[in-house]
Number of protein chains: 2
Amino acid sequence: MNSSNTAPVKKLLAVLDGERFDRPPVWIMRQAGRYLPEYREVRTKAKNFIEFCYSPDLATEVTLQPIRRFGFDAAILFSDILVVPDALGLPVHFVENEGPKLQPLDPARNFSELHGEVDLDRLGPVFEAIRRIKSSLPKETTFLGFCGAPWTVASYMIAGKGTPELAPSRVLAYRNPLYVQQLIDRLVDASIAYLNKQAEAGVDAIQIFESFAGALTGLDIGKFSIDPIARIIKGVRKTYPNMKFIVFGRGSGGNHTRYAQETGANAVGLDWAVDPKWAAKTVQPLLPVQGNLDPLAVVAGGESLDRHTDAILEAFSGGGHIFNFGHGIVPETPIENVERVLKRIRG
Amino acid sequence: MNSSNTAPVKKLLAVLDGERFDRPPVWIMRQAGRYLPEYREVRTKAKNFIEFCYSPDLATEVTLQPIRRFGFDAAILFSDILVVPDALGLPVHFVENEGPKLQPLDPARNFSELHGEVDLDRLGPVFEAIRRIKSSLPKETTFLGFCGAPWTVASYMIAGKGTPELAPSRVLAYRNPLYVQQLIDRLVDASIAYLNKQAEAGVDAIQIFESFAGALTGLDIGKFSIDPIARIIKGVRKTYPNMKFIVFGRGSGGNHTRYAQETGANAVGLDWAVDPKWAAKTVQPLLPVQGNLDPLAVVAGGESLDRHTDAILEAFSGGGHIFNFGHGIVPETPIENVERVLKRIRG
C-alpha cells in the first residue's frame, strides 16, 4: 500500500476526475461572504474592497473561515474577477452599495490605457494568499482558484461598471467586433498568465466565471465566450496538463451543453434557472454538473428549502455532481439555513 | 372559387397554422413605441401611461402607426400587461424613468385587496380599441392580442414594482407557495376572462408574455409558469376553439422545449440569448419559432446587423418562423436600421 492510497480523498477533485459519490461534495459560491459574522468583522480591517483582495492576511483568513465553520469540500480563493483589469492598468474602485467602478476603455485609444501584459507583481499578494491558504487547508479540502471569463471581464472594462443587461458591451460588439475580439484576446493571455501563477502557488482546480453568459446574443456565444474559455483552459494545460476546470456560464440556457462539449472543462456549473431534470438528461451525460439551488431558497428556509434541496440531489443522483448554489450566497442568508442544507446533503 | 380563396393571406396566422414561407412574416415586440416620432407625439396627449392605455383613440392610433410606416405582418394591441392587476383592484401608476408602481399585496390580508373577479368594465376601453383597430387594419395583417403570464404579473403584484431578479416573489414562492399558487390561480381566471373579451372584440391570435421566465427556479417552472399558461390557453379555447397562441418565455433557456410541448401554444417566442442553431434543432421541430434578433444589434446597425439578421433567417429556414426581435425594440433605435432589417428579411 503506497502513501497515495492512505491520503485523504479530495472528494470534489475526485468528481472532476470522473468519480461519483452517493453524497456529493459541496461548496457555495461566495461562501466567504457577508452572511458570516466573522467575515464582516475581518472586512472592517481593510479600508476598501480592492485592498482587502490584495491583503494576503485578510484574504487567507476569510477563505478559511467557511471551511472551519462548515467543513465545505472546497475552499475558493477570496479575491475578485476584476483584479485582472486592475493588473492590466485599469484601476478598479469599489463604491459601497454601487459595486465596482473602472475608467471605461475608449476604443479610439486602441488599448493605450492598458499594459502590454498583465502585471503579475501587482497580483503578488494574491499568490501569497494562495500559498498561505494551501498550507492551512485540511488535506481533504479541494482548493479552487478562479478567474472571470473574458466576455464577463471585458463587459466591465467597456462599461466601467456592472450593467444589468450589458448594453454598452453588446452595442460595441456589434459596432466594433474587431475591437471586442482584440480585448478578449488580451484577456485570454492575461488569464492564462494569472492562472498559471495560481497553479504554481498551489490551487488544485480552477473555476471560470462567465457570469454574463446570458446577456450575450446566442449567435456570438461561440466567438466571445466558448472559444476564449477553451483557449484559456488549453493555455494553462500547456504548463499544467492535469489542471481541472469548472466552467460556470450563468444564464446560458441551452448552451450549457456547448460549455460541456467545447471548452475542455471537467464540470459545468448550472445557474438556478436551469431545471435539474432537464440538465440531468442533457448536460450531465456529457460532464459532471455543479449546482444549482436558488440562493433565495436558502434565504427562505423551511420545508420548501428541504424539498428543493432533495429535488436537486435526486435529479443528479445518476451522475457526477458537485452540490452548490445556482449563484452566490446573499448577505441576508441565515446561517442556520446553510446548516440545514448541509445536513440534508450529508444525511 | 369561393371568397375565402381570394381573401388576402394573413401570413403570420398561416405560420401559426403550420404553413412555411421563404420570406417569414415579421413584426417587432414594442413596435408601437418611443423609437417612432409619431408615437412620441401621440404620447404627449395622455397625462400618464395608464390613461394612455385606457384611451381607445390614442391606443388605436399608436397600434396602427407602425403598420402604416412599415407594413408589418402583425399589429399588436397597444396596452400593458399590468391592466389586469389594475382591473383586479390594485391600481397601477407609471412613474417616469422608474416604471410601474403598485401597492404590493400583503399575504396576511388573504387577497382582500383584490376584487373576486377581474373588472371587465374597467377594461372596456381596451376592447373598444380592439374593435376600432380591427376595422382599420389591412386584411393581410394579423391582429395580436396579449396578456402577461401569471408568474410575471404576480411578480409585479408581490413586489409592487419591477425588480431585476424578482427577489421578493422568489422568496415568497419558497416561504408561502400556497399563497403564490392562489394568486396565480386568480390570474389564470382573470386572464381567461380578459382574453375571451379580446377574442370577442376581434383579435386573430394572442401572445402570452412570460417576461420573467428566467428568474424562476428551474424546479418551479412547471408549477408556476408552464401549467398556468396551459390552463389559460385551454380556458380560452373552450369558447374560441381555434384561437392561436404564441408563448414567449424570456430567459427560459432549455425550457423553451417545454413551453413548446406542454402549453398548447402554436409558436414559441425566443429571446436574443438563444442560439438560433440550437433552437432550430431542439425547438423548431416541435413548433414554429418567433425571434430572435438582439434589439441592440438594431441600435448598432451596419454590416453586423445584416450578418446577424441573415444568420437568424438561415438557421430557421427549415421550418416555421416568424421574424421578430428577441426582446422589445428600444427607444434609441434609428428608424433607418429598422428599415434595413426589413429589407433584408423581405429581399
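# Strand β5 of chain A and its surroundings

Student: Which residue of β6(A) does I208(A) stand opposite?

Tutor: In this predicted model, I208(A) stands opposite V247(A) in β6(A). That pair belongs to the pairing of β5(A) with strand β6 (residues 244-249) of chain A, which runs in the parallel sense over 6 bridges.

Student: And what about β4(A), how many bridges join that one to β5(A)?

Tutor: Strand β4 (residues 142-148) of chain A is joined to β5(A) by 5 bridges, and these two strands run parallel. Within β4(A) and β5(A), G145(A) stands opposite I206(A).

Student: Is β5(A) mostly covered or mostly open, then?

Tutor: Strand β5 (residues 205-210) of chain A is mostly covered, with 6 of its 6 residues buried. The covering applies to both faces, since A205(A), Q207(A) and F209(A) are buried on one side, while I206(A), I208(A) and E210(A) are buried on the other.

Student: What sits across β5 and β6 of chain A?

Tutor: Helix α11(A) lies across these two strands and runs at about 160° to β5(A). Taken together, β5(A), helix α11 (residues 221-239) of chain A and β6(A) make a β-α-β unit that is right-handed.

Student: Zooming out, what is the strand order in the whole sheet?

Tutor: The order in chain A is β1-β4-β5-β6-β7-β8-β9, which gives an open sheet of 7 strands with parallel pairing. At the edges stand β1 (74-76) and β9 (321-325) of chain A; each has a single partner strand, so one side of each is left without a neighbour in the sheet. From one strand to the next, the twist averages 25°.

Student: Past β6(A), how does β7(A) pair with it?

Tutor: β6(A) pairs with strand β7 (residues 267-269) of chain A over 3 bridges, in the parallel sense, and across that pairing I246(A) stands opposite A267(A).

Student: Switching to helices, at what angle do α8(A) and α9(A) cross?

Tutor: The axes of helix α8 (residues 150-159) and helix α9 (residues 167-175), both of chain A, come within 8 Å of each other and cross at roughly 95°. That crossing makes α8(A) roughly perpendicular to α9(A). The contact is made by A154(A), S155(A), I158(A) and A159(A) on the α8(A) side, and by P168(A), S169(A) and L172(A) on the α9(A) side.

Student: Now chain B: is L13(B) buried or exposed?

Tutor: L13(B), which lies in helix α2 (residues 11-16) of chain B, has 21 other C-beta atoms within 10 Å; because the cut-off for a buried residue is 20 or more, L13(B) counts as buried.

Student: Which residues does L13(B) contact, apart from its neighbours within four places in sequence?

Tutor: With those neighbours left aside, L13(B) is in contact with T142(B), D204(B), A205(B) and K244(B). As for L144(B), it is 131 residues from L13(B) in sequence, whereas the C-alpha to C-alpha separation of the two in space is 9.6 Å.

Student: Last topic, what turn lays chain B on chain A?

Tutor: A turn of 180° with a shift of 0.0 Å along the axis does this, and the resulting RMSD is 0.0 Å. The two copies are thus related as by a two-fold rotation axis.

Student: Which residue of chain B comes closest to that axis?

Tutor: That is G253(B), whose C-alpha comes to 1.8 Å from the rotation axis.

Student: And why say the copies meet through the same surface?

Tutor: Of the interface residues of chain B, 100% are also interface residues in chain A, so the surface through which the copies meet is the same.

Technical notes: Residues numbered from 1 in each chain as written. Chains lettered and ligands numbered in written order. Predicted model: local features only at pLDDT ≥ 70, side-chain atom pairs only at ≥ 80, totals over all residues. Least-squares fit on C-alpha atoms with pLDDT ≥ 70 in both. Contact = placed C-beta atoms within 7 Å. Buried ≥ 20, exposed ≤ 12 C-beta atoms within 10 Å, placed from the backbone. Helix = DSSP H or I, 4+ residues; strand = E, 2+ residues; numbered from the N terminus. Pairing = 2+ DSSP bridges. Right-handed = clockwise from strand over helix to strand, strands pointing away. Axes fitted to C-alpha atoms, helices over the stretch in contact; angles between N-to-C directions. Parallel < 35°, antiparallel > 145°, perpendicular 65-115°, else oblique.
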